[in-house]
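Thanks for sharing this one with me. Here are some notes to read alongside the model, set out as numbered points.

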Amino acid sequence: MPQREFKAVILAAGKGTRLKSELPKVLHPLFGKPLLMRVLDTLGGLQAAEACVIIGHGREQVTQALAAYEADYTIQTVVQEPQLGTGHALLQVRQKLADWQNFTGDVLILSGDVPLLTVETLATLLETHQGTQNDLTVLVATMDNPFGYGRVITEGHTVLRVVEQKDASEAEKQVQTINTGVYCLNWAKISPLLEQLSSDNAQGEFYLTDVIALAVQAGYRVGLSHLDDPDEVLGVNARTDLAQCHAVLNERTLNRLMAEGVTVLHPASTFIAPEVRIGADSTVLPGCYLQGDITIGKRCMIGPHTTMSGVVEIADDVKILQSVVRDSRIGAFTNVGPFAQLRDGVEISHHVNIGNFVEVKKTRIDHHTNAAHLAYLGDAELGTDVNIGAGTITANYDPVRDIKERTIIADGAKVGSNSVLVAPVSVGENASVAAGSVITKDVKPWNLAIARGRQVEINGWVKRAKGITEVTS
Amino acid sequence: MPQREFKAVILAAGKGTRLKSELPKVLHPLFGKPLLMRVLDTLGGLQAAEACVIIGHGREQVTQALAAYEADYTIQTVVQEPQLGTGHALLQVRQKLADWQNFTGDVLILSGDVPLLTVETLATLLETHQGTQNDLTVLVATMDNPFGYGRVITEGHTVLRVVEQKDASEAEKQVQTINTGVYCLNWAKISPLLEQLSSDNAQGEFYLTDVIALAVQAGYRVGLSHLDDPDEVLGVNARTDLAQCHAVLNERTLNRLMAEGVTVLHPASTFIAPEVRIGADSTVLPGCYLQGDITIGKRCMIGPHTTMSGVVEIADDVKILQSVVRDSRIGAFTNVGPFAQLRDGVEISHHVNIGNFVEVKKTRIDHHTNAAHLAYLGDAELGTDVNIGAGTITANYDPVRDIKERTIIADGAKVGSNSVLVAPVSVGENASVAAGSVITKDVKPWNLAIARGRQVEINGWVKRAKGITEVTS
Amino acid sequence: MPQREFKAVILAAGKGTRLKSELPKVLHPLFGKPLLMRVLDTLGGLQAAEACVIIGHGREQVTQALAAYEADYTIQTVVQEPQLGTGHALLQVRQKLADWQNFTGDVLILSGDVPLLTVETLATLLETHQGTQNDLTVLVATMDNPFGYGRVITEGHTVLRVVEQKDASEAEKQVQTINTGVYCLNWAKISPLLEQLSSDNAQGEFYLTDVIALAVQAGYRVGLSHLDDPDEVLGVNARTDLAQCHAVLNERTLNRLMAEGVTVLHPASTFIAPEVRIGADSTVLPGCYLQGDITIGKRCMIGPHTTMSGVVEIADDVKILQSVVRDSRIGAFTNVGPFAQLRDGVEISHHVNIGNFVEVKKTRIDHHTNAAHLAYLGDAELGTDVNIGAGTITANYDPVRDIKERTIIADGAKVGSNSVLVAPVSVGENASVAAGSVITKDVKPWNLAIARGRQVEINGWVKRAKGITEVTS
């Protein structure tokens with residue numbers, strides 16, 4: 001972690017025209033979390049003291065998103081209006097934030113649309129900057145094919161200038177060290193240079209890159225910090241960039257999980273958010289899509305084609321086959337699926353079996369209970385050793401009164417197939433509900449409740465219905 | 001678009017032995033449409049006046065497929081029997097089609113198993129051909145590794161000859177310009193040369209390629225048109241080629257969608273036919289397979305693992321999670337799935353909720369209606385503000401009489417869980433059906449219909465059933 | 001097949017620390033079968049006479065797995081404890097197996113964590129070894145980038161030595177021929193050299209590689225056999241290696257299937273075990289995961305997102321859409337899915353239709369029978385021409401007595417929607433069960449059985465329930 005105090009500026013004012021979106025660019029989600037919040041998370045990992053987000057396009061939406069974001073450090077915003085380039089953006093901080101005027105520490109310059117930089121890379125940048133007593137440090141990468149990037153021209157460890165592709169000489173075009181657009185700078189020394197930037201260029205914008213030349217000119221010490229993996233500075237300007245960022249982050253996550261002892265059978269069809277934690281000796285089968293605050297235990301079997309979202313907690317030795325799980329907790333040795341849905345605050349204990357075509361919503365289920373086929377359990381509480389027959393419905397919703405009610409099924413109770421439990425209702429301990437019953441009154445322990453017609457048979461009805469008057473067989 | 005009149009010939013007589021198929025090669029589907037029809041579609045985009053398809057192997061099947069194909073231009077067929085090579089194929093057109101004998105325009109030579117050529121590429125070929133007043137123009141590509149392809153030997157812009165791999169000198173093997181097998185030719189001048197082709201080669205076939213040398217020899221002007229993306233001339237000779245064509249076309253489609261403002265979260269597991277249209281700010285989640293005449297609105301969320309086929313129309317702000325949709329229309333702000341199926345002429349209005357394990361078939365559903373769990377709605381009409389309880393079935397099929405009947409559920413009606421509506425039957429406005437009822441007679445508005453047994457309880461039945469004579473707890 | 005008698009040794013004593021697993025490395029499954037058993041299968045294809053598996057880490061688990069493995073040849077084990085390297089491993093065979101002492105044939109040295117070697121490669125190795133009368137033959141591969149591998153230094157066809165990366169001279173580093181660690185050796189001549197191996201190296205282990213130098217020194221004939229595809233010697237040391245082996249084997253399988261006439265629409269999202277057989281003109285749609293002893297007929301349509309496991313046999317012209325099938329047999333022209341599950345010994349005849357949200361378990365279904373929606377058929381027997389209404393449940397499980405019973409539904413019987421058949425029970429030929437009935441007694445042929453309440457209507461109940469005292473409309 002850095003020695004000197006530092007703050008961060010995040011450029012987040014751009015529109016992202018090529019995204020063709022109603023959403024501001026920095027709010028586009030990467031594994032469910034806006035790009036800008038991915039950058040702010042990384043800063044949190046760095047233990048930044050303060051960040052200033054420069055907003056512009058869609059600033060109401062961005063401000064709202066920031067208000068909902070929880071950080072351990074101070075976040076303030078500065079409006080850039082109109083948006084006249086990155087140098088102009090940073091100038092707003094200098095001109096508009098009184099409390100930054102006397103700041104003598106370092107400032108990290110990041111972009112809200114460059115979401116893949118790691119804590120390690122930025123820590124190295126800060127350490128390099130502070131350790132070598134640079135006034136300005138440029139994060140650079142080495143590209144086999146640097147075409148199109150600004151080349152960083154150096155002499156030993158000292159930066160001379162950055163040359164854009166179109167202005168580069170033949171010799172300069174051979175340089176493979178490129179400017180990532182991420183900087184660390186001594187605010188007191190470098191920020192005054194922002195006032196000298198000119199917009200005398202094709203786009204008529206003030207470029208932050210030009211500060212490098214001004215710093216060199218002013219005799220300041222300008223150095224480099226090297227980035228190992230150029231993918232870290234992928235920026236999002238189009239939906240294809242967003243897809244690429246997802247792919248890079250996905251690969252990073254799958255590699256982490258595999259290193260931690262998880263078998264990922266088919267990485268090519270597996271898509272897992274960086275937040276997901278999975279215990280050793282668990283297996284992720286093909287086609288899984290896990291995104292959210294998800295924790296999975298050891299020796300679990302997840303998939304194929306399982307989707308999880310929200311806050312999900314899964315214990316050891318659980319199987320979740322071809323199912324959808326959202327905001328639920330599942331105990332050890334429980335089996336779910338295929339084709340099941342658990343959602344919205346389900347709490348399931350250990351050794352439970354939730355089979356195919358079963359939906360469980362806002363329901364608690366105690367251990368050793370089964371709901372193996374075709375059931376809806378909503379707003380219910382099930383004890384241990386309960387058996388829910390196929391086709392059982394907890395009728396939790398009263399559409400006439402538009403309210404939801406709870407169903408209680410006590411330990412050891414057995415509910416027959418195609419039963420309806422009309423909430424509010426309870427089935428007592430060890431009670432039994434006969435198949436096909438509609439239960440509207442509480443059932444006492446050990447009793448059998450039955451609510452259905454008696455079976456009668458109409459002789460030869462089918463023959464008559466078909467108009468068959470005489471049949472020999 | 002081209003200046004001079006042009007026609008097209010499509011070679012479609014081959015067997016495709018390596019496909020090991022009962023289906024003729026050119027009828028193998030690429031995103032659900034036969035290869036040949038993909039080529040015919042491209043010609044339609046070029047505003048061709050007429051196309052001649054040369055058929056041979058499996059010609060009954062190909063003729064039948066052509067009869068079902070709707071084009072804005074004339075399509076005729078010529079039979080090549082036996083199949084003695086591409087030059088022999090084209091010769092059939094010259095020899096058998098009387099109305100082509102005096103044709104003084106240009107002819108585009110295409111293959112029915114080369115499905116990825118774009119309208120733009122062929123338009124450029126035609127324009128180059130006509131603009132430079134060539135007699136014969138060869139569509140060529142540049143290959144980093146041209147091994148195995150016929151090299152096009154040129155002097156300036158003039159073609160000298162095409163040399164096959166096995167006949168090429170060391171110098172010629174370095175040539176990276178290769179023959180794609182697609183040509184544009186002045187029919188009146190070039191087609192007579194077909195008569196001079198020889199089958200004096202290893203395969204004993206008449207090669208169209210040899211016409212190039214004949215044309216040069218005869219003093220005709222032979223030129224080139226360059227193809228940017230060699231993937232456009234991928235031909236299908238094996239199932240692996242078919243897989244590759246799918247991959248290329250899929251990537252093309254995903255890139256188009258992303259350019260139009262659609263987020264594709266995981267292109268690697270997403271498979272979308274070129275016909276599909278999706279509005280900006282919609283998101284396609286992993287594992288989707290969309291193939292057919294499909295239109296999806298803005299701000300939709302599709303997937304994961306959603307399959308669509310047939311004619312599907314989806315309005316804005318719709319969610320279709322992990323579901324199957326075929327030949328259906330879905331209104332705005334409607335949610336479907338996970339694990340739902342809509343099929344065969346479903347029409348759903350806005351703000352409808354179709355939940356898990358619900359099948360809807362040939363049914364109209366008006367706005368603000370819910371069928372949230374475990375239901376079958378077939379041959380039905382549902383009004384607005386209807387609630388369908390979990391486990392509800394419209395019994396549309398009478399297996400004794402083998403006919404299907406309709407169910408009408410009027411505005412505001414509420415159908416209780418595990419009910420059966422035995423069609424033909426109607427539930428009136430604001431009527432209510434009690435849970436577990438089998439409704440065989442129409443229900444009047446505002447009435448409650450109930451058809452079930454009364455709940456009775458048998459004391460201690462479970463203890464007796466289990467043989468427990470005395471229980472202390 | 002080889003001329004001289006040969007045996008094989010398989011090194012399987014390693015822990016695989018980087019896998020972070022409770023399971024011994026060689027028992028990690030590759031498409032459901034342990035790595036070691038994949039190697040043993042390959043040996044079976046070679047018609048080996050005998051194999052000796054050297055076990056160490058987790059030897060109880062490995063021994064147990066070997067006991068369950070069925071081979072046509074003798075398998076014995078030797079314990080290596082402690083594990084002091086590959087040379088030390090082989091030495092155990094020499095020292096501990098009395099019946100190998102006088103063995104005068106050849107021995108193939110394989111690793112239990114290198115699962116992708118083909119029968120063809122090993123047959124070539126043996127033939128090369130025996131045909132050239134080598135005493136020791138090294139299987140080598142050519143690598144574009146050989147960094148990190150042991151280089152095989154040769155003079156003509158004779159091996160001089162193997163040099164490890166760290167010991168290689170600049171000239172040796174240019175050598176692209178690398179040691180795969182797979183050998184064939186004349187046991188009588190080469191195995192005595194194992195006694196001379198030294199552990200005087202950084203790891204303190206006895207390396208089998210060092211035997212090569214000893215053999216050359218001793219004047220034995222040491223030669224090479226070339227491996228075409230270096231992927232065959234991928235070893236599993238980490239979960240990423242396991243993922244790579246799955247990817248290579250998957251690609252190999254998909255290419256085989258395509259060569260055999262199967263259309264694989266989207267290889268990138270398709271995952272099929274090498275055991276799977278599929279007939280020509282069948283199509284595998286995106287997202288399928290097929291693993292097990294699976295045979296699929298011609299002209300089938302499988303997927304999207306279909307999962308199969310266990311022993312599955314599918315006839316011609318079958319469709320299995322978005323479903324899960326385990327240990328089942330399915331007849332011709334039968335359609336399954338989407339969203340169906342067949343499991344545990346289902347036998348379905350031809351022209352059957354199993355629709356969405358239907359589970360079939362341990363059940364036989366005769367031809368032309370339908371269960372199109374929302375049903376559970378367990379422990380049942382269905383005749384031909386049966387119709388199972390939506391929502392039908394066979395209540396096979398008696399939770400009070402904890403036993404399962406059977407349901408018989410005879411030819412031509414029609415079961416109405418939302419019925420429950422409480423097993424043991426039978427429905428006679430051509431009998432009909434009314435919708436919503438709970439059937440507890442056998443139904444006679446041609447009879448209609450009905451067990452439900454009569455429909456009654458309560459006038460204006462909804463108005464009163466809602467407290468609407470006066471309504472004008």
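**Notes on the chain contacts and cavities**

1. Let me begin with a single pair of side chains: Asp281(C) forms a salt bridge with Arg239(B), and their closest N and O atoms are 2.7 Å apart. Please keep in mind that this is a predicted model. Between chain C and chain B the count is 2 salt bridges, and the pair just named is one of them.

2. Polar contacts also cross this interface: 25 residue pairs do so between chain C and chain B, with both residues at pLDDT 80 or more. On the chain C side, the elements that each supply at least two residues are helix 8 (239–259), strand 12 (263–264), strand 23 (353–361), strand 25 (370–378), strand 38 (456–458) and helix 9 (461–465). Sorted by class, that side of chain C has 25 nonpolar, 18 polar and 9 charged residues.

3. How many residues take part in the contact of chain C with chain B? Chain C brings 52 residues, and chain B brings 66. The size of an interface is often given as the accessible area lost when the parts come together. For chain C and chain B the buried area is about 4,300 Å², and carbon and sulfur atoms give 61% of it.

4. Now to chain B and chain A. Here the side chains of Asp281(B) and Arg239(A) meet in a salt bridge, at 2.7 Å from N to O. The interface of chain B and chain A holds 2 salt bridges, along with 25 residue pairs in polar contact, both residues at pLDDT 80 or more. On chain B, two or more residues of the side that touches chain A come from each of several elements, among them helix 8 (239–259), strand 23 (353–361) and helix 9 (461–465). That side of chain B divides into 25 nonpolar, 18 polar and 9 charged residues.

5. The contact between these two chains takes 52 residues from chain B and 66 from chain A. About 4,300 Å² is buried between chain B and chain A, with 61% of that area given by carbon and sulfur atoms.

6. Last, the enclosed spaces. The model has 10 cavities of 30 Å³ or more, and the largest cavity has a volume of about 180 Å³. Which residues lie nearest the centre of the largest cavity? They are Asn418(A), Gly436(A), Asn418(B), Gly436(B) and Gly436(C), out of 22 residues that line it. By class, the lining of the largest cavity has 9 nonpolar, 10 polar and 3 charged residues.

Notes. Residues are numbered from 1 along each chain as its sequence is written. Chains are lettered from A and ligands numbered from 1 in the order in which they are written. This is a predicted model: local features need pLDDT of at least 70, side-chain atom pairs count only at pLDDT 80 or more; totals for chains, interfaces and linings use all residues. Side-chain values use heavy atoms; hydrogens and water are left out. On a 1 Å grid over the protein atoms alone, a cavity is a set of points where a 1.4 Å probe fits but cannot get out, and a pocket is an open set with protein on both sides within 12 Å along at least five of seven lines; lining residues have an atom within 4 Å of a point. Grid points are joined across faces, edges and corners, and a volume is the space filled by probe spheres set on the points. Ala, Val, Leu, Ile, Met, Phe, Trp, Tyr, Cys and Pro count as nonpolar, Asp, Glu, Lys and Arg as charged, and the others, Gly among them, as polar. Contact means heavy atoms within 4.5 Å. Buried area is the accessible area (1.4 Å probe) that two parts lose on being put together, summed over both. A salt bridge is a side-chain nitrogen of Lys or Arg within 4 Å of a carboxyl oxygen of Asp or Glu. A polar contact is a pair of N or O atoms within 3.5 Å; within protein, one must be able to donate a hydrogen and the other to accept it, and residues adjacent in sequence count only if both atoms are side-chain atoms. Helices (H or I, at least four residues) and strands (E, at least two) are DSSP runs, numbered from the N terminus.
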